[in-house]
Amino acid sequence: MTSRIVVIPTRRAHSNHAEVARSIGVDIIAGRYAEGTRLPGDAEMIAMFGVSRPVLRESVKTLVAKGLLTTKARVGTVVRERGAWNMFDADVLAWHLDAGIDKRFLNDLAEIRLAVEPRAAMLAAVQRSEEDLAELRRSMERMRHEASDSVGFADADLALHVAVARASGNLFMRSIGHVIEAALRASFLLSAPVEPEDRDTVLLWHQKIVDAIAGGDADAASEAMIFVIHNGMHRHEDAAIETAPGEVLPSAKSGERS
């Protein structure tokens, strides 16, 4: 059985070549250009997007760097297999949200977070500085004061998780921020914790993360992080399944970021 698809609008590109790269990238991820497919020639693509040849070539270079395309002499520009795509790239993750995500994608995001964030929380409990603690507390305070379905709440939630990764002292864990952002944007748009009980649970367990890190309790920090990730998945799992295929969720209160 095929999982239903949910489309989540994300921020738009701010330059011609970035917008063309995004458009082609979304088409590739959505399967409109299948793996191994050769893209249309330059002349056709230039006419399609209404851009110059240099802009098109810059767009293609961007997609090659992200692992979505390869250029071959006497063959042209070809879509690479999914295993070659850089799934940690911020744009590639955002384009997945634009193209439409299913339950498998959400589970994959949760699994990579479970593999990294609890360990980051453990390390943060040992390595954190006073500056790190101040940032965690600021993010927590902002979450408490923002409405659960607001962009501010989503931004504060993201800031807290990124602060944990930063406090871990591990540069690789800090780089996981793009995955965390994509996961939280998806979670926020699918099912923000607007019910009082849900909001209380979210705030309680995020506070437990902060308190455990502040108290140097690595095990408690890890356990709280695991609960937070699982809770987020449980909240939006049913919403993702029940949403009609291809339905675009409203973005007026979305996690779009400038």
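Let me start with G31, which in this predicted model counts as partly exposed because its relative accessibility is 43%, a value that falls between the 20% limit for buried and the 50% limit for exposed. G31 sits in the loop between α1, residues 16-29, and α2, residues 42-49, and although 68 residues separate G31 from A99 in sequence, their C-alpha atoms are 9.0 Å apart in space.

A99 belongs to α4 (90-99), and that helix brings me to the largest pocket, where α4 and α5 (103-127) are the elements that each give two or more residues to the lining. The space in this pocket comes to about 530 Å³, and among its 20 lining residues those closest to the centre are R82, M87, H96, F105 and D108. The largest share of the lining, 5 residues, is supplied by α5, and by character the lining residues divide into 13 nonpolar, 3 polar and 4 charged.

Turning to the interior, the largest nonpolar core has 46 residues, of which L136, M143, L160, V164, I209 and I213 touch the most other members. Two or more residues come from each of α4, α5, α6 (130-145), α7 (151-167), α9 (177-190), α10 (196-214) and α11 (218-242), with α5 again giving the largest share, here 10 residues. If we take I213 as an example and leave aside residues up to four places away in sequence, I213 touches A121, A124, A125, R128, L133, L136, V164 and A221.

Finally, there is a second, separate core of 22 residues, and its members include A21, V26, Y33 and W85.

Notes: Residues numbered from 1 in each chain as written. Predicted model: local features only at pLDDT ≥ 70, side-chain atom pairs only at ≥ 80, totals over all residues. Heavy atoms only, no water. 1 Å grid on protein atoms, 1.4 Å probe; cavity = no way out; pocket = protein on both sides within 12 Å on 5 of 7 lines; lining within 4 Å. Points joined across faces, edges and corners; volume = space filled by probe spheres on them. Helix = DSSP H or I, 4+ residues; strand = E, 2+ residues; numbered from the N terminus. Nonpolar A, V, L, I, M, F, W, Y, C, P; charged D, E, K, R; others polar. Buried < 20%, exposed > 50% of the residue type's maximum accessible area, 1.4 Å probe, protein only. Core = buried A, V, L, I, M, F, W, Y, C linked by side-chain atoms within 4.5 Å. Contact = heavy atoms within 4.5 Å.
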